[in-house]
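Colleague: I would like to go through the sheets of this model and what packs on them. Please keep the answers short.

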Amino acid sequence: MTHQTLVPTVNHYDPEDGWTKTTCAYCGVGCGVEVKARANSRVLDVRGDQSHPANYGRLCSKGLALGETVGEEGRLLHPSIEGVRTSWPEALSHVADQFNEVIRQHGAESVAFYVSGQLLTEDYYVANKLMKGFIGSGNIDTNSRLCMSSSVAGHKRAFGSDTVPGCYEDLEQADMLVLTGSNLAWCHPVLYQRIKAVKQQRPDFKIVVIDPRRTDTCDLADLHLAIAPGTDVALFNGLLAHLAQHGIVDEDYIQSHTEGFTEALVTAMGHASNRRTLATRLGVDDHQLETFFQWFADTPKVVTVYSQGVNQSSAGTDKVNSIINCHLATGRIGQPGSGPFSVTGQPNAMGGREVGGLATTLAAHMEFDNREHVQLVQDFWGSERLARGPGLKAVDMFDAIESGKIKAVWIMATNPAMSLPNADKVRRALEKCPLVVVSDCMADTDTARLANVLLPATGWAEKSGTVTNSERRISRQRAALPALGEARPDWWIITQVAQRMGFSEAFGYQSEADIFREYVALTAYRNDGTRNLDLSFYQGLTDAEYQQMLPRQWPVRKGADIGRNAKRLFGDGVFSTPSGRANFVTVSHRPPKTQVDSEYPLVLNTGRIRDQWHSMTRTGLSARLSGHSPEPFVNIGAQDAARYQLQDGALADVTSHWGSVRVRVQVSDQCQKGQIFMPMHWNDVFASKARVCALIGENLDPISGQPENKFTPVKVSPWQGKSEAILVMRDRRPDLDCDYWAAQPIEGGTLYHIASRRSPAELDAYLQSLCPGSAESAQHLTFGHPEQGEFRHAVLRQQQLLAAYALAKSFGDKEFSWLGQLLTPALDGGALGALFKGEPSASLAGGRLVCACKQVGYKTLCDAIRTQNLGSVSELCAVTQAGTGCGSCLPELEQIVAEEKADATAA
């Protein structure tokens, strides 16, 4: 057996000014980014690409901080087997031999790949080809199962293909925008800023937010419908009934271009015949519901944007179709300024869906249940082993690992030990699995800790390939830095293993451009126009042309007017179904599978926060992204907080049928009575016990297999320790022996938020054991006594702080996060005075971070308002520069100005 050992090189595309055009690593907006490496360093300067149609130069706080996340810190640099460093040839052969042996003994269904929307399309393509085409199993699934699979299923039921009909321009051309299950201000902030600009230009542009929780997105809304969790189908069935009752449906469109309307309407009418009864079920005011229905009916140009609040449900697919039904009934689809619009959560979830990364699809939008598609793919790949049916979806896959059915799994660029529901069970499954291979760019993740084999993959700034965003736009991601250590591209790792498994001829690629050309050819192969995923324009693409590809929406058919006809699909009323007609799907309201009861009386909702991303492996490297929300928290309303004896800023245990976490309490008016919210990001690398998915059960949508992350019955109880501390260190500790800890990256080190059932003196002894400074040159300073109020300890060497901590039985309202600003090259008198007094000097007293882009704190903002008598957000921005970066903090700035005005009036 022979195999190629090609080592890929960095492929730069540098314009004359030295800036490399690439694509952001975060959400599905797909923003264009320009980066430039500083001389002799791995520091990247970052700016938005003003020519990219997704963002026109705008970037959010995370995108602006990309340059701070590309260093060597935390990176996986070398292959290893059972914790022992090894060579690439040995690691690759080991993985190939082990997979082959498991398949020989137990069959192709005994192995699986679990991949990620962080992979590039070329990576995804070869992973899917290897598993489905040559191993012969459908057991490859992606973490997109957790965020977008209900949209995929809904699209396919309605349109016959997983196709997003519209484009970002529709958000600006609409006269009404419905945002349902989407906190766009925090999760897709660049789109939010585009919408906000339209609202400022056209105040009559109506915006409706449908969300049980009050989020920052609501600040832009003309109407906020805070429906009861899980009632989306009832709402949109009610809307469909209203449209029919008032003669708003487009009868001609329905007759000419759709099927199933009568059945869908009968069911909708049966569940929503009385608007007031419906309003009661939804938990909203009848007048608000009437307003929403009437606005939708009266506004021909309506876009409905939806995201995880719709998808992450045991009825997610039905929710998607209930939305699409309303647009089909009015013919508001595929036209400028109208249509349903699913915004994706990951940078290349769409690319993965296109090539076949989901277990339930074959490849290139072709399906297992279509014999012609199966034969076509088999002929194209030249494989006799092609899988003949779908594989296991994500949750089912890890159940099969737990039961022993799957004996070898390869996990790529994702962290299922913290992101899948019933996360503790997933961890146990991986501990039992005979072979766990993890390829990742980071060395320490919850999942990497459970791996038998670790393979170092290149990170965002080192990768080259393509990604597809939410509006079907394919963009190039280009390498700007050389790979660290022995890291290699994912596509290279996969193809090298494939060659060693005996498939050299089918996986002889020498570059990512080779893979892209093959993928393009597959989309065009025997495509008579019925498959709208057609990239035939790119056939024959040279390496140079691949490097210089411009962002384009698909389809990009050979000979077509490129771009013009790809903005919107289905505008001609022709769909991808066998009949060419769209399907109305009959849906009924089904409540979430697990309901609250006397033991678990609160509904847990989960989601993302403004400055973090997924499991924080990248954003957790940036100090400025961690300042706004430095600790895991549970957000709860004041009434529920009082009922369950919870104090703002204190710690609490959140417990469900499946697990328990410990987090900070955050009391606000965001959540309605009986509801709480927790962010998804924290994991065992960044906190002691805060994996929110340990709370979430395996309640799945029966069609999409997507988990119900937005409705988990829980209880919340106060947790009381004997002492708490803030610890600042230059070196990162992987774990602390404390009842509660959370690690916050800061400039020059890490700040730990700590609580313990140890006495203050016992905690002092433990923290001293963590501090460096055994050398004779180290100086130890102590202030106070551990058992008598507040105590501070600092370790210095030559006027440089090595470590410091403050501890007390309770800090109360006093905060010590300013200690994190002392890891400077040399401490000045003001810093030493702050240590002595236990109070920040004027230069350290900015308070909790509000604006991540400009690093402006709460106290700084309040002081500016008071001392300069500022009365508006625009004045505050001009004076402090807060809000002049990405704009994500503007809703919070508005709240601060309003609070200060109220305080001044009261005074």
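Colleague: In what order do the strands of the seven-stranded open sheet stand?
Modeller: The model is predicted. In it, this open sheet shows mixed pairing. Its seven strands run in the order β5-β4-β16-β15-β14-β6-β7.

Colleague: Why is one side of β5 and of β7 left without a neighbour in the sheet?
Modeller: β5 covers residues 84-85 and β7 covers 140-142. Both stand at the edges, so each has a single partner strand.

Colleague: Which residue of β7 stands opposite F113?
Modeller: Strand β6, residues 111-115, runs parallel to β7 and is joined to β7 by three bridges. Opposite F113 stands I140.

Colleague: What angle does the direction of helix α3 make with that of β6?
Modeller: Helix α3, residues 121-135, packs on the sheet and touches β6, β7 and β14. Helix α17, residues 394-403, also touches β6, β7 and β14, and its direction makes about 140° with that of β6. For α3 the angle is about 160°.

Colleague: Which strands are at the edges of the five-stranded sheet?
Modeller: This open sheet has parallel pairing and the order β10-β9-β8-β12-β13. An edge strand here pairs on one side only, which holds for β10 (223-225) and β13 (339-342).

Colleague: What is the bridge partner of V208 in β10?
Modeller: β9, residues 206-210, pairs with β10 in the parallel sense over three bridges. The partner of V208 is L223.

Colleague: Which helix packs on this sheet, touching β8, β9, β10 and β12?
Modeller: The helix spans residues 286-298, and its direction makes about 115° with that of β10. The helix is α12.

Note on methods. Residues numbered from 1 in each chain as written. Predicted model: local features only at pLDDT ≥ 70, side-chain atom pairs only at ≥ 80, totals over all residues. Heavy atoms only, no water. Pairing = 2+ DSSP bridges. Helix = DSSP H or I, 4+ residues; strand = E, 2+ residues; numbered from the N terminus. Contact = heavy atoms within 4.5 Å. Axes fitted to C-alpha atoms, helices over the stretch in contact; angles between N-to-C directions.
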